[in-house]
Amino acid sequence: MTPAVEVIDLVKRYPKSSTNAVDGLSFQVAAGEIFGLLGPNGAGKTTTVGILTTRVLPTSGTARVAGVDVAADPVGARSKVAVVPQRVNLDRSLNARQNLLWHAAYHGVPRAERRRRADELLERMGLGEKAKARVDELSGGQAQRLMIARALIHRPEVLFLDEPSTGLDPQARLFVHDRINELRAEGVTIVLTTHDMDEAEKLSDRVGVVDHGKLLTLDTPEALIRALPGSGTVDATLRPDGYDAAKISDLLAEVRGVQRVEQIAANTTPDGAAELRLRLYVGGEPAGLLGPVAQALHERQVAVTDLSLGTATLEDVFIDLTGRELR
Ligand SMILES: Nc1ncnc2c1ncn2[C@@H]1O[C@H](COP(=O)(O)OP(=O)(O)OP(=O)(O)O)[C@@H](O)[C@H]1O
């Protein structure tokens with residue numbers, strides 16, 4: 001079966017830049033899949049999506065959507081894809097329904113069909129009451145839903161969603177997630193770029209993590225979490241009292257069963273005491289480590305304010321791959 005998205009050795013260097021924004025990227029997305037494209041700020045995600053949606057010209061390499069080469073046949077490619085950008089780019093001179101009708105006309109949807117599809121999509125996106133509302137009268141969440149409706153009007157095979165739930169309240173976020181899952185069930189392929197690891201873990205069949213324009217890993221969220229050294233965790237909040245963080249980390253790394261110790265935060269509490277939060281990644285059952293960890297800290301007279309169990313998440317995988325430094 002033809003992949004919905006196919007990227008081979010893709011390179012993009014912007015004019016006057018000394019580095020490649022996309023640097024030899026290769027991956028495939030199967031038809032009907034929800035694929036999460038993740039990476040820190042500046043990793044090259046928007047550029048990659050820009051190439052796949054024909055808004056950015058690649059420097060070299062190949063990019064295909066639904067089997068169509070985006071460089072050789074941009075018009076053909078545009079008929080197969082749709083993109084929902086992060087920023088609202090609706091036409092403010094038109095009402096909600098007119099935005100959809102205009103877009104349908106642009107894509108050559110037959111006149112009689114345009115109205116039917118527009119009304120159906122307004123209903124589906126919970127905007128039935130807002131058909132005649134001007135764009136300025138829509139809330140951020142409603143505008144976002146209207147952009148999804150607009151993207152779907154020409155029945156694209158691949159839908160690119162850029163940060164689909166940034167700025168949405170929890171209800172709107174759940175609503176959008178339900179619609180995304182529904183679209184997948186209908187066979188639409190979805191490429192999602194997001195910084196929300198919880199969203200990526202929940203929605204994506206597979207995720208690819210990119211940094212500096214290169215693919216670092218690609219697999220199902222479950223497999224990536226399982227592959228993380230120590231996928232169970234113990235979070236410890238401590239009062240280091242004179243010990244430095246590195247020393248306490250070394251001490252805990254020696255507790256049997258602890259595979260890796262990561263410093264999550266070092267703060268000062270409102271009463272002026274130093275507080276340190278560490279995450280211990282453990283190989284086996286993390287509950288069995290609570291006693292030994294508490295004991296090791298007690299022996300050094302380090303006060304513990306909280307010890308709790310957790311399992312690793314996609315966020316842990318992401319941080320493990322891309323580090324904690326701010327971009
Ligand atoms: N139009 C442009 N001209 C020059 N450089 C650009 C342009 N657009 C992006 N870049 C650079 O290309 C690199 C990749 O940027 P890109 O926007 O693709 O990353 P991203 O992963 O989408 O980041 P974010 O998560 O912040 O949206 C960055 O170093 C950025 O500064």
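These legends walk you through a few close-up views of a predicted model of a protein chain with its ligand.

**View 1. How confident is the predictor in this model?**
Before zooming in, take a moment with the confidence scores. The average pLDDT of the chain is 93, and 100% of the residues score at least 70. For the complex, the predictor gives an ipTM of 0.97 together with a pTM of 0.84. As you learn to read such models, remember that coordinates should not be read in detail where pLDDT is low.

**View 2. The residues around the ligand.**
Which residues surround the ligand? Find Tyr-14 and Ala-21 to begin with, then follow the run Pro-40, Asn-41, Gly-42, Ala-43, Gly-44, Lys-45, Thr-46 and Thr-47. His-195 completes the set. Sorted by class, this shell holds 4 nonpolar, 6 polar and 1 charged residues.

**View 3. Polar atoms facing the ligand.**
Here we look at individual atom pairs. An oxygen atom of the ligand lies 2.4 Å from an N or O atom in the side chain of Thr-46. At Gly-42 the partner is a polar backbone atom, 2.7 Å from an oxygen atom of the ligand. Tyr-14 uses its side chain: one of the N or O atoms there is 3.5 Å from a nitrogen atom of the ligand. How much of the ligand does the protein bury? Taken alone, the ligand exposes 640 Å², and the protein buries 55% of that.

**View 4. The open sheet β2-β1-β4-β5.**
Now for a sheet. Its 4 strands pair in antiparallel fashion, in the order β2-β1-β4-β5. Which strands stand at the edges? They are β2 (22-29) and β5 (68-69); each has a single partner strand, so one side of each is left without a neighbour in the sheet. Strand β1 (residues 5-12) runs antiparallel to β2, and 6 bridges join the two. To locate one of these pairings, look for Val-5, whose bridge partner in β2 is Val-29.

**View 5. The open sheet β12-β13-β11-β14.**
This sheet also has an order worth tracing: β12-β13-β11-β14, 4 strands with antiparallel pairing. At its edges are β12 (258-268) and β14 (303-311), each pairing on one side only. Neighbouring strands of the sheet are turned against each other by 20 degrees on average, direction ignored. How many bridges join β12 to β13? There are 9, and β13 (residues 274-282) runs antiparallel to β12. For a landmark, pick Thr-268: its bridge partner in β13 is Ala-274. As a reminder, strands of a sheet pair through backbone hydrogen bonds, either parallel or antiparallel.

Conventions
Residues are numbered from 1 along each chain as its sequence is written. This is a predicted model: local features need pLDDT of at least 70, side-chain atom pairs count only at pLDDT 80 or more; totals for chains, interfaces and linings use all residues. Side-chain values use heavy atoms; hydrogens and water are left out. A residue is near a molecule or strand if one of its heavy atoms lies within 4 Å of it. A polar contact is a pair of N or O atoms within 3.5 Å; within protein, one must be able to donate a hydrogen and the other to accept it, and residues adjacent in sequence count only if both atoms are side-chain atoms. Accessible areas come from the Shrake-Rupley method with a 1.4 Å probe; for residues, only the protein chains shown count as cover. Ala, Val, Leu, Ile, Met, Phe, Trp, Tyr, Cys and Pro count as nonpolar, Asp, Glu, Lys and Arg as charged, and the others, Gly among them, as polar. pLDDT is the predictor's confidence in each residue, from 0 to 100. Two strands pair if DSSP finds at least two bridges between them. Axes are lines fitted to C-alpha atoms, for helices over the stretch in contact, and angles run from 0 to 180 degrees between N-to-C directions.
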